[in-house]
Amino acid sequence: MEPLALYIHWPFCRAKCPYCDFNSHVRERIPQGRFAAALRRELAWEAARLGRRPLVSIFFGGGTPSLMEPETVAALIADARRQFEPLPDLEITLEANPTSVEAARLAEFRAAGVERLSLGVQSLHDEALRMLGRQHSAAQATAALELARVLFPRVSFDLIYARPGQTVAAWREELRRALALAPDHLSLYQLTIEPGTAFEAMHRRGALRLPDEDTAAALYGATGEEAARAGLLAYEVSNYARPGAESRHNLVYWRYGDYAGIGPGAHGRITLEKQRLATRRHRAPEPWADLVERQGHGSAGEQALGPPEQAREMLLMGLRLAEGIDEARFRARTGLPLADAVDPATLRRAIAAGYLEHEAGALRALPEGRLRLDALLAALIL
Ligand SMILES: C[S@@+](CC[C@H](N)C(=O)[O-])C[C@H]1O[C@@H](n2cnc3c(N)ncnc32)[C@H](O)[C@@H]1O
Ligand code: SF4
């Protein structure tokens, strides 16, 4: 049976960060009991139709899952372990914000069964954290990180760079300090302006200026160099890990494997009766919970994906990975040979320019290609 990764979305945050367009909401009081029950109910519904598949990973994402009650996390893990067939190296990740309140509960999340913590540090400079609208200081973030390293076998953290006014030298210095905290996995994201965010409004007024394209490219290059010097390789566009410490959950997405998405706004790609389905849940938290209470799930529709759509999606995901796309797996997964899914002239030009490599049964984006991946994919995919 097709192995499965399980994503569980917690849609609440303490405050909305001005750059963020994730499905996250602020409530005066989080309806903990109601959302715990609804998540468990929707998981049971999904598990009933999926059957006892081998379970690769569970990922609590958000929003801010560290605002969940540890009992809820424990109950969802126990449900998933019972309803699926957990693999011996099952990876269980929880995203956490490094405020002091949440740090105080890290031990409880560990006791609940979480073994990998992904901490939203974002910056090691207080001034940048204020600019990003964060609720914690750099000192709180490093304290949370140190505690996490004692408690959890695996720890990763996120930083946002290419911030307004950031120079390559300043970023190298910040990143070196981050790498000295000895993570074996880092997610390093360039700040992007997302539609509908407070930053978008500021950007439109000219009140927020991002580094120009050349500086952004230099920042990206410096990121790869500094990470590699510390032994962390760019296994995906924005993700760096010591070999063996890659996020198993995210690898399922990028390799276009099966994943189930539970909770408001969650997406999934699952194989059911030989059909590949795209699933999505209602985004708004309370209407999603109403639906689950009424019918057992909060589905906002499902769509069967044919070979061309699957080929397109697998190219979009797989070329983000340094390992690229295995041609035999591509054909088995999508039903199309790789050669029929890409524009041959663009492929030839991109190989000649050193953006892509097509060797040993795999198609990969080289570092220069990953730097301009969006434009490359737009031209390449039929
Ligand atoms: C769901 S959030 C993380 C979890 C947690 N709520 C937090 O904020 O610490 C995932 C990550 O995406 C990144 N992110 C979100 N919006 C971004 C943007 N506009 N540009 C760059 N990175 C962004 C942040 O690094 C964030 O930690
Ligand atoms: S970055 Fe994290 S804490 Fe901030 S709004 Fe988004 S999900 Fe919530």
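**Exercise 1. Find the loop that holds Ala360, then describe its backbone and its exposure.**

Solution. Start with the position: Ala360 sits in the loop between β14 (356-359) and β15 (362-365). Keep in mind as you work that this is a predicted model. Next, look at the backbone: the phi of Ala360 is positive, about 50 degrees, although the residue is not a glycine. That deserves a second look, since most residues other than glycine have a negative phi. Last, check the surface. The cut-off for exposed is over 50% relative accessible area, and Ala360 has 79% relative accessibility, so it counts as exposed.

**Exercise 2. Carry out the steps of Exercise 1 for Ala182.**

Solution. Ala182 lies in the loop between α7 (168-180) and β6 (185-190). Its phi is positive, about 60 degrees, and Ala182 is not a glycine either. For accessibility, recall that values between 20% and 50% are called partly exposed. Ala182 has a relative accessible area of 39%, so it is partly exposed.

**Exercise 3. Decide whether strand β1 (residues 4-10) is enclosed or open, and give the reason.**

Solution. Take one face at a time. On one side you meet Leu4, Leu6, Ile8 and Trp10, and these are buried. On the other side are Ala5, Tyr7 and His9, which are buried too. Now put the faces together: seven of the seven residues of β1 are buried, so the strand is largely enclosed by the rest of the structure.

**Exercise 4. Work out which strands pair with β1, using Ile8 as your guide.**

Solution. Begin with strand β9 (residues 258-262), which runs parallel to β1 and is joined to it by five bridges. Here Ile8 stands opposite Ile262. Then turn to strand β2 (residues 54-62): it also pairs with β1 in the parallel sense, over seven bridges. In β2, the residue opposite Ile8 is Phe60. To finish, trace the connection: the chain leaves β1, passes through helix α1 (residues 32-50) and reaches β2, making a right-handed β-α-β crossover.

**Exercise 5. Locate the cis peptide bond involving Gly63 and relate this residue to ligand 2.**

Solution. The bond joins Gly62 and Gly63, with omega about 15 degrees. Most peptide bonds are trans. Gly63 belongs to the loop between β2 and α2 (70-83). Now list the neighbours of ligand 2: Gly63 is one of the residues around it, and others include Cys13, Lys16, Tyr19, Thr64, Asn97 and Arg134. Sorted by class, this shell has five nonpolar, four polar and two charged residues.

Key. Residues numbered from 1 in each chain as written. Chains lettered and ligands numbered in written order. Predicted model: local features only at pLDDT ≥ 70, side-chain atom pairs only at ≥ 80, totals over all residues. Heavy atoms only, no water. Nonpolar A, V, L, I, M, F, W, Y, C, P; charged D, E, K, R; others polar. Buried < 20%, exposed > 50% of the residue type's maximum accessible area, 1.4 Å probe, protein only. Helix = DSSP H or I, 4+ residues; strand = E, 2+ residues; numbered from the N terminus. Pairing = 2+ DSSP bridges. Right-handed = clockwise from strand over helix to strand, strands pointing away.
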